[in-house]
Amino acid sequence: LVAVTPARTAGTDIIDRGGSIFAELDESNRRRVDLWIVGLSIAAEYPWTGAGPETYPLLFREHARDRLSRERQAAFAPFRPESPHNVYIAAADNAGIPAASAYLALLAVVVGRLWRRLHAGGGWWSAALLAAVAGHLVTDFFITAEFSGSWLFWILLGSAVVAESGDAYGGTGSVEAVELQEDGGEGLHGSRVGQASTIEAP
């Protein structure tokens, strides 16, 4: 009972916090939504090529005047917002909607391949990779990172692709016997493990 009560309280706190993301009474969440609104406005003004890297702080005031109420503008008066606090919106602001769409398409392909491999019996490794990638994608809704320089995330994506394509290229370690015939007629026998082949004379 002593252990369950704190766990239940913590779970309730997490649910309440999640439900308050868009609550008007939570100032931090209101600011986050305002940053997103301004970011979307910038992306709409520069849809094809984006406004360029690190331009969000330069364009914030102009778009805030058009999109936010006077009260919400006043809430940002003491600050200089540096980013929309959303990786996907930041990608559209910096490089344009086509670039952001290509980024999202890449993520969708990787997640889809991991999902298929998991349902095909990929095991704990596929499940762990999928959970790690999914967790990163969710947190990207609430932070702004330089997505092209997030080396850990790209390592995760690369690992996901390698794990999923292992079966397609024989990466499971299966051994297949092969016979090679020389021009002179002498037989050579070998074995192939994945894509590596070993050959030995009879």
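**Notebook: how helix α2 packs**

I started with helix α2 (residues 27-45) and helix α5 (residues 87-95), whose axes come within 8 Å and cross at roughly 30°. Angles under 35 degrees count as roughly parallel, so I noted α2 as roughly parallel to α5. This is a predicted model, so I kept an eye on confidence as I went.

I then looked up the hand of the crossing, and for α2 and α5 it is left-handed. Next I listed who touches whom: α2 brings Trp36, Gly39, Leu40, Ile42 and Ala43, and α5 brings Ile89, Ala92 and Asp93. Sorted by class, I have 6 nonpolar, 1 polar and 1 charged residues in this contact.

My second entry is on helix α3 (residues 56-67), which packs against α2 at an angle of about 100°, the axes being 9 Å apart. That angle makes α2 roughly perpendicular to α3. From α2 I wrote down Leu35, Ile37, Val38, Gly39, Ser41, Ile42 and Glu45; they meet Tyr56, Leu59, Phe60, Glu62, His63, Ala64 and Arg67 of α3. By class, the contact of α2 with α3 has 8 nonpolar, 3 polar and 3 charged residues.

Last, I checked confidence. The protein chain has a mean pLDDT of 76, with 66% of its residues at 70 or more. Which element has the highest mean pLDDT, and which the lowest? I found α3 at the top with 96 and strand β1 (residues 175-181) at the bottom with 40. Residues 168-202 have pLDDT below 50, yet I see 44 contacts for this stretch in the model beyond near neighbours in sequence. A reminder to myself: where pLDDT is low, the predicted coordinates should not be read in detail.

Key. Residues numbered from 1 in each chain as written. Predicted model: local features only at pLDDT ≥ 70, side-chain atom pairs only at ≥ 80, totals over all residues. Heavy atoms only, no water. Axes fitted to C-alpha atoms, helices over the stretch in contact; angles between N-to-C directions. Helix = DSSP H or I, 4+ residues; strand = E, 2+ residues; numbered from the N terminus. Parallel < 35°, antiparallel > 145°, perpendicular 65-115°, else oblique. Left-handed = near helix turned anticlockwise from the far one by under 90°. Contact = heavy atoms within 4.5 Å. Nonpolar A, V, L, I, M, F, W, Y, C, P; charged D, E, K, R; others polar. pLDDT = per-residue confidence, 0-100.
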